[in-house]
Amino acid sequence: MQTPNPTAGSAAIPTTAPSWLERFFKLQAHGTSVRTEVLAGLTTFLTMAYIIFVNPTILGDAGMPKGAVFVATCLIAALGTLIMGLYANFPVATAPGMGLNAYFAYVVVLGMGFKWQVALGAVFISGCLFLAVTLFRLRELIIRGIPHSLRIGITVGIGMFLAIIALKSAGIVAASQATYVTLGDLHKPSVVLAVIGFFTIVVLDCLKVRGAILIGILEVTVLSFFFSGNQFSGIFDMPPSIAPTFMQLDIRGALGVGVFNIILVFFLVELFDATGTLMAVAKRAGLLVEGKVDRMNKALLADSGAIFAGSLLGTSSTTAYIESASGVQAGGRTGLTAVTVAVLFLACLFIAPLAGAVPAYATAPALLYVACLMLRELTELDWDETTEVVPAAVTSLAMPLTYSIANGLAFGFITYAVLKLFTGRWREAHPMVWIIAAIFLFKFAYV
């Protein structure tokens with residue numbers, strides 16, 4: 001990750017910027033220019049464009065039509081990012097979130113047996129809740145009520161969950177009756193290609209090459225045509241129909257018994273992920289003032305609205321992307337950066353044949369690398385405080401080992417509440433902890 005440079009782009013204050021762009025985005029006030037903002041948008045896009053290949057692959061495993069999911073991914077990424085740019089004037093891009101799409105596909109649909117239409121309904125409801133707590137300014141209150149250690153545990157746990165999915169998709173690990181999981185067949189061409197892709201991504205990112213993840217995915221895809229029997233069907237074409245997923249959500253089914261905890265998981269992960277990302281990117285951009293972010297509430301509303309809009313189009317929860325920090329590092333300071341990203345996502349609608357040709361083992365290296373980066377949050381834990389570290393560890397370990405983000409959240413909150421209660425430190429736990437722990441405990445006991 002590059003070192004933050006708050007002064008990036010300050011030397012490029014425009015002298016001939018179009019007046020309407022200047023008035024709308026306040027470019028000079030932010031020490032930037034049209035050229036800087038456009039280049040920053042291109043940088044952000046290159047670092048997160050992998051989602052147009054990864055998301056259809058993951059949701060396709062849940063039975064969703066990959067072509068329609070591809071279109072929905074491009075459209076919601078463009079729409080959410082456009083709102084972020086035009087309404088909030090914020091240099092942040094949004095797209096379907098990593099981890100949430102995996103939870104949607106592998107836990108809710110494949111693991112729990114719900115139809116993907118019901119899962120989309122759960123996303124819609126969580127999006128409505130998310131929007132409500134933002135409108136009523138409850139979002140900050142909820143976040144303050146969740147212990148910092150549990151937030152770290154959630155992030156790390158999702159990373160480990162992504163890792164096991166990535167290793168399975170690559171064929172590096174396989175099922176075993178004796179040990180549950182074991183080493184896969186490393187002689188398969190797909191496994192070798194996945195390993196090559198992983199090292200390509202890591203090396204290029206270390207060398208600060210823009211779009212390292214995207215390059216790695218495309219490299220493995222190209223090699224798969226020669227060494228793994230993949231079929232090439234072209235690059236450009238008209239976008240597939242979005243009809244198979246558009247407005248196919250089942251809200252009534254999502255309100256049924258057994259789905260409440262799914263909605264809660266979507267809501268909590270969206271809450272921490274999006275808010276944390278917006279705060280982090282704002283800090284890098286120099287927009288963090290006295291602990292608050294200028295235009296932050298508008299940015300939160302834009303992020304919230306994109307979630308249920310995505311469920312209508314036919315994709316899992318949308319969130320702000322930490323990759324936006326790369327655009328900020330390149331000098332992006334206003335919504336023009338986000339608008340540039342949105343336009344590029346719309347242009348991607350015409351590369352559906354290429355997206356459809358990307359195999360799961362080509363996107364697995366990207367998932368594994370993202371997972372590795374998420375583990376660095378562990379350094380923020382106070383390892384001398386057992387009542388904080390143990391719940392975080394339980395949360396992060398339970399997610400991959402039970403193959404469920406929901407179970408990890410449940411075990412983490414319950415462990416935190418129990419340890420604080422029986423060590424006589426129950427006053428340290430916010431009421432929100434007791435509420436969430438009680439909900440999960442009730443779920444395990446009676447549902």
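A residue is taken as buried when its relative accessible area is under 20%, as exposed when that area is over 50%, and as partly exposed in between. With that scale in hand, Glu385 is a good place to begin in this predicted model: its relative accessibility is 19%, so Glu385 counts as buried. This glutamate sits in the loop between helix H17 (360-374) and helix H18 (386-401), and its side chain forms a salt bridge with Arg425, with 3.0 Å between the closest N and O atoms. Arg425 belongs to another loop, the one between helix H19 (405-422) and helix H20 (431-446). The two residues are 40 apart in the chain, and their pairing links distant parts of it. On the arginine side the relative accessible area is 26%, so Arg425 is partly exposed.

Arg425 also meets the side chain of Glu428 in a salt bridge, again described by an N to O distance, here 3.0 Å. Glu428 in turn forms a salt bridge with Lys420, where the closest N and O atoms are 2.6 Å apart. The two ends of this second pair make a pleasing contrast: Glu428 is partly exposed at 44% relative accessible area, whereas Lys420 is buried at 0%. Through shared partners, the salt bridges join Glu385, Glu388, Lys420, Arg425 and Glu428 into one network. The structure as a whole holds four salt bridges.

The loop that carries Glu385 can be followed further through Leu375, which also lies between H17 and H18. Leu375 has a relative accessibility of 33% and therefore counts as partly exposed. Neighbours within four places in sequence aside, Leu375 is in contact with Val156 and Met160. Glu270 lies 105 residues from Leu375 along the chain, and the C-alpha atoms of the two are separated by 18 Å.

Attention now turns to the nonpolar interior. In soluble globular proteins, nonpolar side chains tend to be buried together. Here the largest nonpolar core has 116 residues, and the members that touch the most others are Phe104, Leu409 and Phe413. Helix H12 (residues 260-284) supplies the largest share of this core, with eleven residues. The surroundings of Leu409 give a closer view: beyond residues up to four places away in sequence, Leu409 touches Ile154, Val265, Leu268, Val269, Thr395, Met399 and Phe440. Apart from the largest core lies another one, of 16 residues, whose members include Val92, Val281, Leu300 and Val328.

Nonpolar side chains also appear on the outside. Phe232, Ile235, Phe236, Met238 and Phe350 make a nonpolar surface patch of about 570 Å². Within this patch, Met238 is placed in the loop between helix H10 (212-227) and helix H11 (251-254). Its relative accessibility is 59%, above the 50% limit, so Met238 counts as exposed.

A small piece of sheet offers a change of scenery. Strand E2 (residues 173-176) pairs with strand E3 (residues 180-183) in the antiparallel sense, over four bridges. A hairpin of three residues joins E2 to E3, and Val173 has Leu183 of E3 as its bridge partner. In a regular strand the side chains alternate between the two faces of the sheet. Strand E3 also contains Tyr180, which has a positive phi of about 75 degrees although it is not a glycine. With 72% relative accessibility, Tyr180 counts as exposed.

A positive phi in a residue other than glycine is found at Asn89 as well, where the angle is near 55 degrees. Asn89 is part of the loop between helix H4 (66-86) and strand E1 (94-96). The relative accessible area of Asn89 is 8%, so this residue is buried, whereas Tyr180 counts as exposed.

Methods: Residues are numbered from 1 along each chain as its sequence is written. This is a predicted model: local features need pLDDT of at least 70, side-chain atom pairs count only at pLDDT 80 or more; totals for chains, interfaces and linings use all residues. Side-chain values use heavy atoms; hydrogens and water are left out. A nonpolar core is a set of buried Ala, Val, Leu, Ile, Met, Phe, Trp, Tyr and Cys residues joined through side-chain atoms within 4.5 Å. Buried means under 20% relative accessible area, exposed over 50%, partly exposed in between (1.4 Å probe, protein chains only). Contact means heavy atoms within 4.5 Å. Patches are made of residues with over 30% relative accessible area and no salt bridge: like charges are joined within 9 Å, nonpolar side chains (Val, Leu, Ile, Met, Phe, Trp, Tyr) within 5 Å. Accessible areas come from the Shrake-Rupley method with a 1.4 Å probe; for residues, only the protein chains shown count as cover. Two strands pair if DSSP finds at least two bridges between them.
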